[in-house]
Amino acid sequence: MTVPVPQSQPAGLPHHRGSLGADLRRLGVSTGDVVLVHASLRRVGFVVGGAVSVVQALLDVLGPSGTLVAPTFTAGNSDPSRWARTCAQPVPPAWWPHIRDHLPAFDPAVTPSVNMGVIAETVRTWPGAVRSGHPQTSFAAIGAGAATLMATHPPDSHLGPDSPLGAVRDADAKVLLLGVPFAVCTTFHLAEYRNAGGVRREYECVVRADGDRRWYHYQDVVLDDSDFEHCGAAFEAADEGTTIGRGPVGDADSRLFPMAVAAAFADDWMAVHRQDRCLTG
């Protein structure tokens, strides 16, 4: 049930479900929207009810016709030799064979996300949430469009047009950066699939097939978010407030913008700024 929201939050008091809903509406989130959220609960500040209240506030504003989407990536489901690069968890090389033998297979129902934050994990575990099946770059969604948007996620399209990221973009979604920078704007990865220049590498993960646990190897483009902050700064400068809404949600400096517009800008930006880069796996 949607709860009434106040027009403003009295200064000095903790944030709560209703006050966050008011902030989200002022930022531009509307009933029926599809919203891809990247969020930091710490940046939002003290919230009565924590991450659950943040997610509930989003659902209150989106209403039963809207859909909330969050990345629920599992970078740890990879060869341990890559962990220092993918999930900041290096382990001694002497451990690698043992880890390869015992790393659990990805299970969309129970495998937790890695380094995505407590709000994304709250979305993943929400009653009725639907999660895509990619063993490394899954998404979770709640709401009217969840099943359709999460239905297809090929192994060789981590974050490409055939993934839920592409489906969400095509559903006229908005991106909500809730207290986080453009550096984590997953939407920009869509542009990499048009600007990869054929550069691909082998990925590996543990899956369960026909009841058996096994390592699965596949090819996909090289993913690189090292210049996303620069891309986002250029996007914001070029936009001049036309499509990017900016304001506080709780204590969090937040941005809201159309996903398709951001992806198209990144496509053009990367075509210029990555043409001389040498991407390696």
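Is R274 buried or exposed? In this predicted model, R274 comes out as buried, with a relative accessible area of 8%. That puts R274 under the 20% cut-off for a buried residue, and two acidic partners meet it there, D227 and E192.

Take E192 to begin with. Its salt bridge with R274 has the closest N and O atoms 2.7 Å apart, and E192 is buried as well. E192 sits in helix α9 (residues 189-195), while R274 belongs to the segment after α11 (259-273), so this pair ties together parts that are 82 residues apart in sequence. The other partner, D227, also meets R274 at 2.7 Å, N to O. Here the link runs from the segment after α11 to the loop between β7 (212-221) and α10 (228-239), 47 residues apart. D227 is buried too, at 7% relative accessible area.

Elsewhere, among the 13 salt bridges of the structure, D253 and R246 pair up at 2.6 Å, N to O. Both ends of this one are partly exposed, D253 at 37% relative accessibility and R246 at 48%. The two residues belong to a network of salt bridges that also takes in E236 and R255.

As for helix packing, the axes of α1 (residues 17-27) and α3 (residues 50-62) come within 8 Å and cross at roughly 50°, and the two helices are therefore oblique to each other. The crossing is right-handed. On the α1 side the contact involves R17, L20, G21, L24 and R25, and on the α3 side S53, V54, Q56, A57, L58, D60 and V61. By class, that contact has six nonpolar, three polar and three charged residues.

How values were computed. Residues are numbered from 1 along each chain as its sequence is written. This is a predicted model: local features need pLDDT of at least 70, side-chain atom pairs count only at pLDDT 80 or more; totals for chains, interfaces and linings use all residues. Side-chain values use heavy atoms; hydrogens and water are left out. Axes are lines fitted to C-alpha atoms, for helices over the stretch in contact, and angles run from 0 to 180 degrees between N-to-C directions. Helices (H or I, at least four residues) and strands (E, at least two) are DSSP runs, numbered from the N terminus. Angles under 35 degrees count as roughly parallel, over 145 as roughly antiparallel, 65 to 115 as roughly perpendicular and the rest as oblique. A crossing is left-handed if the near helix is turned anticlockwise from the far one by less than a right angle, and right-handed if clockwise. Contact means heavy atoms within 4.5 Å. Ala, Val, Leu, Ile, Met, Phe, Trp, Tyr, Cys and Pro count as nonpolar, Asp, Glu, Lys and Arg as charged, and the others, Gly among them, as polar. A salt bridge is a side-chain nitrogen of Lys or Arg within 4 Å of a carboxyl oxygen of Asp or Glu. Buried means under 20% relative accessible area, exposed over 50%, partly exposed in between (1.4 Å probe, protein chains only).
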